[in-house]
Amino acid sequence: MFGSLRVRNYRLYASGQVVSLVGLWMQRVAQDWLVLELSDGSPVALGIAAALQFAPTLFLSLWAGVLADRMDKRKLLLVLETGLGLCALTLGLLDVTGVVQLWHVYLLCLLLGAVSAVETPVRQSFVVEMVGRDQLTNAVALNAMTFNLARMVGPAVAGVMIIFVGTGWVFLINAISFLGVLSGLLMMRVAELHRGDPVPREKGQLREGLRYVRKRADLVILLFLVFFISTFGLNFYVTLAVLARNTFGGDADAYGLLSTMLAVGTLAGATLAAKRSANGKPRLRLLIIGALAFGVLEIVAGVLPTMWLTGVALIPLGIAMMTFTTTANATVQLAVSPAMRGRVMGLYMLVFLGGNPIGGPVMGWLAEHFTARAPLVVGGAVSILAAVVGGIVLARRGGLTLPTHRLGLRRRARA
């Protein structure tokens, strides 16, 4: 279950991520709350902030995938993580000095999104270089465990801190937390990385990556599922803050509670994914089941009458969400040629995050003109529809198992 942690470079990376991701989730809660305070509780303003943060993905993630295939990923990550820390530091200083305005937050969301759009595909494709192909599925699951452990701790801490010291200090703590991941990258043993030959700089490499994916029906359907579920289903950054404040009449601690309950589920889901990784490669069948369960549970969470019942429903919802997302991530990375991994992960992150400039404002509009529950119900319905369509197409093509003959993977010896 924790096989990847035997690799020293991955241990350093994971240790730094624990610190940095707690700070990241603290910032997400503080940023959402700051936007609501500066905009008089407007869900549309929250949707705009989310759209600005994710919009650069539309323009930069594919190019970032080309960079990941060409360049030293560790050195590139050192630069990008520093940029993310500086964005948090700037927002924190503006906030604690009392000069922050809504347009400041919007601008920094855009800058943060631009750096993240490049950093995410590079970081995702760097995982296999740390642990090798045999441990990749396990490492992806452990990354998700780390991410969701931070998601459970960070919002709860942020909710308390916002009440006692304000949002600005939360941003400053996040800026300091980036020292953890930078230290881990600097301390790695470069000779122990599983690096392939860098792709030489040539014209048309981006188009080459797109053609590669277009010829793979399994990847096209997977990316179709990821786009619709992430754009319309994974809308919690808009929904939970509005539910806590406008529907249940809560404060920042209520938002932190709902975020933490979701994180309990996602942590459990990531833990189950890590256990499943010992059984071999991920399967597309599990991807479809996870997507269907997620859609159903999201609708259930959207119609429950009280905050506590909604919080309890967020736990199995989180498990289904992580079943889907970890399976999708590992499937993509294992199913592609190493020379194409950066570009394919750039496309993956484009469809995973690039729909947020559409989904964020749409879900904010639904919450403002109908009810804060509407984004959950609509997102769940879209997720179910996407899973049904994807499952039918895969079943007709006989493609509900990952085509391992294309991967060149060694089969695990059975005792």
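1. Contacts of Pro361. In this predicted model, Pro361 touches Gly47, Ala51 and Asn356, once residues up to four places away in sequence are set aside. The residue belongs to helix α15, which covers residues 356-369. Pro361 and Leu46 are separated by 315 residues in sequence, yet their C-alpha atoms are 8.1 Å apart in space. With a relative accessibility of 33%, Pro361 is classed as partly exposed, because the buried class requires a value under 20% and the exposed class a value over 50%.

2. Surroundings of Ala301. Helix α12, spanning residues 284-303, contains Ala301. The relative accessibility of Ala301 is 1%, so this residue counts as buried. Apart from neighbours within four places in sequence, Ala301 is in contact with Thr310, Ala313, Leu314, Leu317 and Leu376. A further distance concerns Pro316: this residue lies 15 positions from Ala301 in sequence, and the C-alpha to C-alpha distance between Ala301 and Pro316 is 9.8 Å.

3. Surroundings of Val213. Val213 sits in helix α8, which runs over residues 205-214. Its relative accessible area is 4%, and Val213 is therefore buried, the limit being under 20%. When neighbours within four places in sequence are left aside, the contacts of Val213 are Leu219, Val220, Leu223, Val344 and Leu347. Val105 offers a distance of another kind: Val213 and Val105 are 108 residues apart in sequence, and 36 Å lie between their C-alpha atoms.

4. Secondary structure and overall dimensions. The protein has 16 helices and zero strands. Its radius of gyration is 20 Å, close to the 22 Å given by the globule rule for 415 residues, so the protein is as compact as a globular protein of that length. Taken along the principal axes, the box filled by the C-alpha atoms is roughly 55 × 45 × 45 Å.

5. Domain assignment. Two entries are given for the protein: domain 1 comprises residues 1-191, and domain 2 comprises residues 204-397. The contact between them involves 47 residues from domain 1 and 58 residues from domain 2. The centres of domain 1 and domain 2, calculated over C-alpha atoms, are 19 Å apart.

6. Burial and contact range. Of the 415 residues in the protein, 60% count as buried. Among contacts with a separation of 6 or more, 88% are made by residues 24 or more positions apart. The pair of Pro361 with Gly47, listed under the first point, is one contact between residues remote in numbering.

7. Surface and charge. The accessible surface of the protein amounts to about 17000 Å², and carbon and sulfur atoms account for 66% of that surface. The protein carries 36 positive and 19 negative charges, and the mean positions of these two sets are 14 Å apart.

Terms used. Residues are numbered from 1 along each chain as its sequence is written. This is a predicted model: local features need pLDDT of at least 70, side-chain atom pairs count only at pLDDT 80 or more; totals for chains, interfaces and linings use all residues. Side-chain values use heavy atoms; hydrogens and water are left out. Helices (H or I, at least four residues) and strands (E, at least two) are DSSP runs, numbered from the N terminus. The radius of gyration is taken over C-alpha atoms; the globule rule is 2.2 Å times the number of residues to the power 0.38. Buried means under 20% relative accessible area, exposed over 50%, partly exposed in between (1.4 Å probe, protein chains only). Contact means heavy atoms within 4.5 Å. Accessible areas come from the Shrake-Rupley method with a 1.4 Å probe; for residues, only the protein chains shown count as cover. Lys and Arg count as positive and Asp and Glu as negative; His and the chain ends are not counted. The place of a charge is taken as NZ of Lys, CZ of Arg, CG of Asp or CD of Glu. Domain bounds come from an automatic or database domain assignment.
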